[in-house]
Amino acid sequence: MTHSQVQNNKRLKVDLEQQDQGLHQCLGMNPSDQMPPTPLLGSSSHSPEMPQRESSRVPARQKRALVVVDVQNDFITGSLAVKDAETLVDPINALVRSGQFDVVVFSRDSHPKEHISFASTHPGQAAFTSIQLPNPVVSSTRNPGSSSPTVITQELWPDHCITGTPGWAFHPLLDTAAADIVVDKGQRKDLDSYSAFYKATDGDEESVLGKSLRDRGVAAVYSVGLAYDYCVGSTAIDAAREGFDSYLIDDLVKGVLPETCATMRTRLDAAGVVTLDHFGT
């Protein structure tokens, strides 16, 4: 190798080192730090592809919203307690505090007395059964041009989450201080609602939560909480219907019954919701 070639190689090495230092500075890293790995969202089968580099810019990730569904006393220690639900509080708090989400949403059932979903509202009917009722909703904006069924199947539950009662309150250890949005659902006496996106299970109204998230630039929604086979699953499905990339974090949910959990899993898959074993970075 000639003296000129040696000098050229040295100059090339210096140029590459300067570029590398510049990229470290762009990322807020020390020159001695190793470059970070590509973020992984849960299991590898659902991890996004490595983005192609455009020039020397580092691409920004999409904005994320975390929706914490119905972590309320009645669903943990009260009239409609879900088995092992209390074990979710600490890991959900950790996720809320992780800084991985641009918007944090908490939803809660907020029922009036004599709500349509209470078995006590229907004389002679028992909790954990279902009945057929006239559908008070005429049409649905989620299916423009089509009519909702004239009769609906209404699941019946013990009285729960009556607004202002201790059972309605969030679990006392749940960290709601970081909430950007709190959604109260099920407030109409004659309409039931599982999803945080709609006031009614088959609502004809615009989704207030959907609009709020879009206004904030959110592209991806991650759902956790209680219960998997009803409110969490319905929230994740409606997030997909609203046009968001919808994810459900499987180790941060609990369900009511194995049979209804299996049914919900089929619905989630059909709606295009991605189920993550866990949320990882």
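**Notebook: strand pairing, salt bridges and cores**

I started at the end of β2 and found that Asp 109 has Lys 185 as its bridge partner in β5. I take helices (H or I, at least four residues) and strands (E, at least two) as DSSP runs, numbered from the N terminus. Two strands pair if DSSP finds at least two bridges between them. β2 and β5 run parallel and are joined by five bridges.

Before going on, I noted that this is a predicted model, where local features need pLDDT of at least 70, side-chain atom pairs count only at pLDDT 80 or more, and totals for chains, interfaces and linings use all residues. Residues are numbered from 1 along each chain as its sequence is written, and side-chain values use heavy atoms, with hydrogens and water left out.

**Salt bridges**

I counted a salt bridge when a side-chain nitrogen of Lys or Arg lies within 4 Å of a carboxyl oxygen of Asp or Glu. That rule gives 10 salt bridges.

I looked up Lys 185 and Asp 109 as side chains too. They form a salt bridge, 2.6 Å from N to O. This pair links distant parts of the chain, with Lys 185 in strand β5 (residues 181–185) and Asp 109 in strand β2, 76 residues apart. Are these two buried or exposed? I call a residue buried under 20% relative accessible area, exposed over 50% and partly exposed in between (1.4 Å probe, protein chains only). Lys 185 is at 2%, so it counts as buried. Asp 109 is at 3% and is buried as well. Asp 70 joins Asp 109 and Lys 185 in a network of salt bridges.

I then checked the two faces of β5. Ile 181, Val 183 and Lys 185 make up the covered face. Val 182 and Asp 184 make up the uncovered one.

Next I took Arg 188 and Asp 190. Their closest N and O atoms are 2.9 Å apart, in a salt bridge. Arg 188 is partly exposed at 45%. Asp 190 is partly exposed at 33%.

A further salt bridge joins Glu 242 and Arg 214, at 3.0 Å from N to O. Glu 242 sits in the loop between α5 (228–241) and β7, and Arg 214 in helix α4 (residues 208–215), so the pair ties together parts 28 residues apart in sequence. Glu 242 is buried at 17%, whereas Arg 214 is partly exposed at 39%.

**Gln 72**

I found Gln 72 in the loop between β1 and α2. Its relative accessible area is 0%, so Gln 72 is buried. What does the side chain of Gln 72 reach? It reaches the backbone oxygen of Trp 168 at 2.8 Å. I count contact as heavy atoms within 4.5 Å. Leaving aside neighbours within four places in sequence, Gln 72 is in contact with residues including Arg 108, Asp 109, Cys 161 and His 171.

**Helix α3 and the cores**

I listed the buried residues of helix α3 (residues 89–96): Val 89, Ile 92, Asn 93, Leu 95 and Val 96. They cover an arc of only 160 degrees around the axis, so they lie on the same side of α3. The arc is that of the directions from the helix axis to the C-beta atoms. Among the elements covering these residues are β1 (63–69), α2 (73–76) and β7 (245–254).

I define a nonpolar core as a set of buried Ala, Val, Leu, Ile, Met, Phe, Trp, Tyr and Cys residues joined through side-chain atoms within 4.5 Å. Which members of the largest core touch the most others? Of its 59 residues, they are Ile 92, Leu 213 and Tyr 222. Helix α5 gives the largest share of this core, seven residues. Apart from it lies another core of five residues, among them Ile 116, Ala 119, Leu 133 and Leu 156.

**Val 221 and Ser 120**

I placed Val 221 in strand β6. Val 221 is buried, at 0%. Not counting residues up to four places away in sequence, Val 221 touches residues including Ala 65, Val 67, Leu 213 and Tyr 247. Its C-alpha lies 6.2 Å from that of Asp 245, 24 residues apart along the chain.

I closed with Ser 120, in the loop between β2 (103–109) and β3 (130–134). Ser 120 is at 53%, so it counts as exposed. The C-alpha atoms of Ser 120 and Asp 159 are separated by 7.1 Å, with their places 39 residues apart along the chain.

Technical notes: Polar contact = N/O pair within 3.5 Å; in protein donor to acceptor, adjacent residues only side chain to side chain.
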